[in-house]
Protein chains: 2
Amino acid sequence: MRSASDLTARARIRDAALARFGTDGIAGTSVRAVAADAGVSPALVMHHFGSKDELRQACDDYVLDSIRNGGEAATEALGEILRAATPVRRYLARALLDDTPAAGALFAEIVERTEAWLAAGEDEGWVRASADAKARAVTYVSWLLAPLVLGNQVGRLLGGDPAETATAVRGARAGLEMLTHGLFADDRWLTAFTDIEKRTRP
Amino acid sequence: MRSASDLTARARIRDAALARFGTDGIAGTSVRAVAADAGVSPALVMHHFGSKDELRQACDDYVLDSIRNGGEAATEALGEILRAATPVRRYLARALLDDTPAAGALFAEIVERTEAWLAAGEDEGWVRASADAKARAVTYVSWLLAPLVLGNQVGRLLGGDPAETATAVRGARAGLEMLTHGLFADDRWLTAFTDIEKRTRP
DNA sequence: CAGAACACTAAACGTTTGTTCAGCTCGTGT
DNA sequence: ACACGAGCTGAACAAACGTTTAGTGTTCTG
């Protein structure tokens, strides 16, 4: 258990920035606010990171490392993300929406791994075949990330703290149900969708 | 087909704000930028809306109306969202992440409608039973909203403009496949999840 | 022990921010 | 013809912004 004071000032600033950026957004966070949270002067932030944008990049790198080195074999992307610390999650959500280079790279990486994972599952027979493996992987990852990005909304409706484990588990279980047994009992929506597709592109 | 010039200045300001807020975020958008996009002076923005925050509220209200009055019977939430104009979509994504009151209300509303819709489908036999109807509805709506919020990432990987219809359709189809036939062919993940749940909460 | 290197700050820089204010230009009702 | 309110602007405001500068200690190093 580490307390705030036995971290180096540089790390304290990075942590404060991560939390602030995550909750208030990058544009909505001032260097002064980060400095105040870290208990240092605004000038020290510049001394260590050069500029606000470089501070943001440092956060990007930190989050990338946290997630990449979080899971051992990284077989399942779900676990990695859910296990990551809360400020990191919130920051990641912001970064994905703000379309940070690092976040884009991470998203692409997760999709790639997931696609391989799904392909392996397909070979081994526990994943169904797909007409568009890439699109499926992208959509699947989007779905995994959705409760993370929409955490506040989901949490409020499912009761309790959005970051609370119990709430996340409840949603995850509902999702897993849909993914194994399906949501719809027949093909009506799928065929309806195909019809629309044909009509639009004959 | 309406051109930018035959709208009232008030509407032009609102549209410009919607677009800017959507792409740059609310904190990242200045009143001056909005005014410049709308071809008016910053002072006129204040004249019409009073403050930046009231301008944001006006955007909230507009998006709410756009979506609420968009679908006729609103049987399926999916169509409404996908059919909404692109700036509105992007703004909605931002608002959901920034946790605007209006966005929260809208999310809750969509979930409520979806839950009723799924319950009706369950009665009619084309939706499978669920252990946790509320959690399923919340998760389902999150999944619908995911490509919207993560549009940039999804679009980049699926090729082409994120807002492009073809790209969105490709992801939507992959999602629909998973929802009707399921993704996993057996219960291994679901039972694994249940095991973890039991071990955590005995 | 001198001195370079480092961590750190107070104060100020110029810019941009949201907002205000006085005043301009109209079309409309009297 | 006159006044009036609505639409609209340029200039200015104080506050907050990211960043710079000059300088203070403190700690390694030769």
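In this predicted model, a phosphate oxygen of DNA strand C is 2.7 Å from a polar backbone atom of B:Lys52, and a phosphate oxygen of DNA strand D is 2.8 Å from a polar backbone atom of A:Lys52. The points below begin with the surroundings of DNA strand C, continue with DNA strand D, and then turn to the way chains A and B are related and joined.

**DNA strand C**

- The surroundings of DNA strand C consist of 16 residues, and the closest of these are A:Ala9, A:Ser41, B:Val31, B:Arg32 and B:Lys52.
- Of the atoms of DNA strand C that come within 4 Å of the protein, 46% are accounted for by sugar and phosphate.
- Chain A also reaches phosphate oxygens of this strand: a backbone N or O atom of A:Ser41 lies 2.9 Å from one, while an N or O atom in the side chain of A:His48 is 3.2 Å from a phosphate oxygen of DNA strand C.
- At least two residues of the surface near DNA strand C are supplied by each of α3 of chain A, α2 (31-38) of chain B and α3 of chain B, and the largest share, four residues, comes from α3(A).
- When the residues of the surface near DNA strand C are sorted by character, seven are nonpolar, six are polar and three are charged.

**DNA strand D**

- DNA strand D is surrounded by 16 residues, with A:Val31, A:Arg32, A:Lys52, B:Ser41 and B:Ala43 as the closest.
- Sugar or phosphate makes up 50% of the atoms of DNA strand D within 4 Å of the protein, and the rest of those atoms belong to bases.
- Backbone atoms of chain A approach phosphate oxygens here, since a polar backbone atom of A:Val31 is 2.9 Å from a phosphate oxygen of DNA strand D, and a backbone N or O atom of A:Thr29 lies 3.4 Å from a phosphate oxygen of the strand.
- The elements that give two or more residues to the surface near DNA strand D are α2 (31-38) and α3 (42-49) of chain A, together with α3 (42-49) of chain B.
- It is α3(B) that gives the most to the surface near DNA strand D, with four residues, and the residues of that surface divide into seven nonpolar, six polar and three charged.

**How the two chains are related**

- A turn of 180 degrees, with a shift of 0.0 Å along the axis, lays chain B on chain A with an RMSD of 0.1 Å, and this is the relation of a two-fold axis.
- Both copies use the same surface, as 100% of the contact residues of chain B recur in chain A.
- Among the residues of chain B, B:Gly182 comes closest to the rotation axis, its C-alpha being at 2.1 Å.

**The contact between the chains**

- In the interface, 68 residues of chain B are in contact with 68 residues of chain A, and the two chains bury about 7000 Å² between them, 67% of it on carbon and sulfur atoms.
- On the side of chain B, the residues that lose the most area to chain A are B:Leu97, B:Trp143 and B:Phe184, which together make up 11% of what that side buries.

**One residue in the interface: B:Thr139**

- B:Thr139 is found in helix α8 (residues 133-149) of chain B, and it counts as buried because its relative accessibility is 6%, which is under the 20% cut-off.
- The side chain of B:Thr139 reaches across to the backbone oxygen of A:Gly171 at 3.3 Å.
- Leaving aside neighbours within four places in sequence, B:Thr139 is in contact with A:Gly171, A:Ala174, A:Gly175 and A:Met178.

Terms used. Residues numbered from 1 in each chain as written. Chains lettered and ligands numbered in written order. Predicted model: local features only at pLDDT ≥ 70, side-chain atom pairs only at ≥ 80, totals over all residues. Heavy atoms only, no water. Near = heavy atom within 4 Å. Polar contact = N/O pair within 3.5 Å; in protein donor to acceptor, adjacent residues only side chain to side chain. Nonpolar A, V, L, I, M, F, W, Y, C, P; charged D, E, K, R; others polar. Least-squares fit on C-alpha atoms with pLDDT ≥ 70 in both. Contact = heavy atoms within 4.5 Å. Buried < 20%, exposed > 50% of the residue type's maximum accessible area, 1.4 Å probe, protein only. Buried area = accessible area lost by both parts, 1.4 Å probe.
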